[in-house]
Amino acid sequence: MIIVLAKAIAKDDDAKNEIIEFSKDLIENSKSEEGNIDYNLYEDTSDNSLMFVEKWESLEILQKHMKTDHFLKFGQNIGDLLSTDLVIDVFNSEKLEF
């Protein structure tokens, strides 16, 4: 399983609310994609940023997701609403052996 954490920092509260509104379509469509395990959005109470938490069956499926119309449309819609680029971290969820 692949876990994605994507942090969005909005320019202001109005922009944050617009990002949340745009994310509804993204989340709904992403959850219906084959290979999606979970896809949600959370608000950080300490810095008012937004965090997308995604779970995918594989890296290949995640890469297919990143080419979907709803993913690309979301990126276009929020570009001017962010104060900085999205910070995206991708993790392989396999437990490391020590």
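## A walk through the fold, starting at M51

Leaving out neighbours up to four places away in sequence, M51 is in contact with L5, A6, K7, N40, L41 and Y42. Keep in mind as you look around that this is a predicted model. M51 itself sits in strand β3. Is M51 buried, partly exposed or exposed? Its relative accessible area is 26%, and buried means under 20% while exposed means over 50%, so M51 counts as partly exposed. One of its contacts, N40, is 11 residues away along the chain, and the C-alpha atoms of M51 and N40 are 8.3 Å apart.

Now zoom out to the whole protein. Trace the chain from start to end and you'll meet the elements in the order β-α-β-β-α-α-β. That gives 3 helices and 4 strands. How compact is the protein for its length? Its radius of gyration is 14 Å, and the globule rule gives 13 Å for 98 residues; those values are close, so the protein is as compact as a globular protein of that length. If you'd like a feel for its dimensions, the C-alpha trace spans about 40 × 35 × 20 Å along the principal axes.

Next, think about how the chain meets itself. Take the contacts with a separation of 6 or more: 67% of them are between residues 24 or more positions apart. As for what is tucked away, 32% of the 98 residues are buried. On the outside, the accessible surface comes to about 6500 Å², and carbon and sulfur atoms account for 50% of that.

Let's visit a buried residue. H65 belongs to helix α2. Its relative accessible area is 0%, and anything under 20% is called buried, so H65 falls in that class. What does H65 touch, leaving aside residues up to four places away in sequence? The list is L26, S30, E33, Y39, E54, W56, H70 and F71. For a sense of distance, pick I20: it is 45 residues from H65 in sequence, and their C-alpha atoms are 19 Å apart.

L82 makes a good second stop. You'll find L82 in the loop between α3 and β4. Being in a loop doesn't leave this residue exposed: its relative accessibility is 13%, which is under the 20% cut-off, so L82 counts as buried. Not counting residues up to four places away in sequence, L82 touches A8, I9, A10, K11 and I19. Look at the pair L82 and A8: they are 74 residues apart along the chain, yet 6.8 Å separates their C-alpha atoms.

Finally, have a look at the largest pocket, which holds about 250 Å³ of space. Its lining is made of 16 residues, and the closest to the pocket's centre are A6, E54, F71, L86 and I88. You've met some of these names already: A6 is among the contacts of M51, while E54 and F71 are among those of H65. Which elements supply at least two residues each to the lining? They are β1 (2-8), β3 (50-56), α2 (59-65), α3 (69-78) and β4 (87-92). Among the contributors, α3 gives the largest share, with 4 residues. What kinds of residue line this pocket? Sorted by class, there are 13 nonpolar, 2 polar and 1 charged.

Methods: Residues numbered from 1 in each chain as written. Predicted model: local features only at pLDDT ≥ 70, side-chain atom pairs only at ≥ 80, totals over all residues. Heavy atoms only, no water. 1 Å grid on protein atoms, 1.4 Å probe; cavity = no way out; pocket = protein on both sides within 12 Å on 5 of 7 lines; lining within 4 Å. Points joined across faces, edges and corners; volume = space filled by probe spheres on them. Nonpolar A, V, L, I, M, F, W, Y, C, P; charged D, E, K, R; others polar. Rg over C-alpha atoms; globule rule 2.2 N^0.38 Å. Buried < 20%, exposed > 50% of the residue type's maximum accessible area, 1.4 Å probe, protein only. Contact = heavy atoms within 4.5 Å. Areas by Shrake-Rupley, 256 points an atom, 1.4 Å probe, with all protein chains shown as cover.
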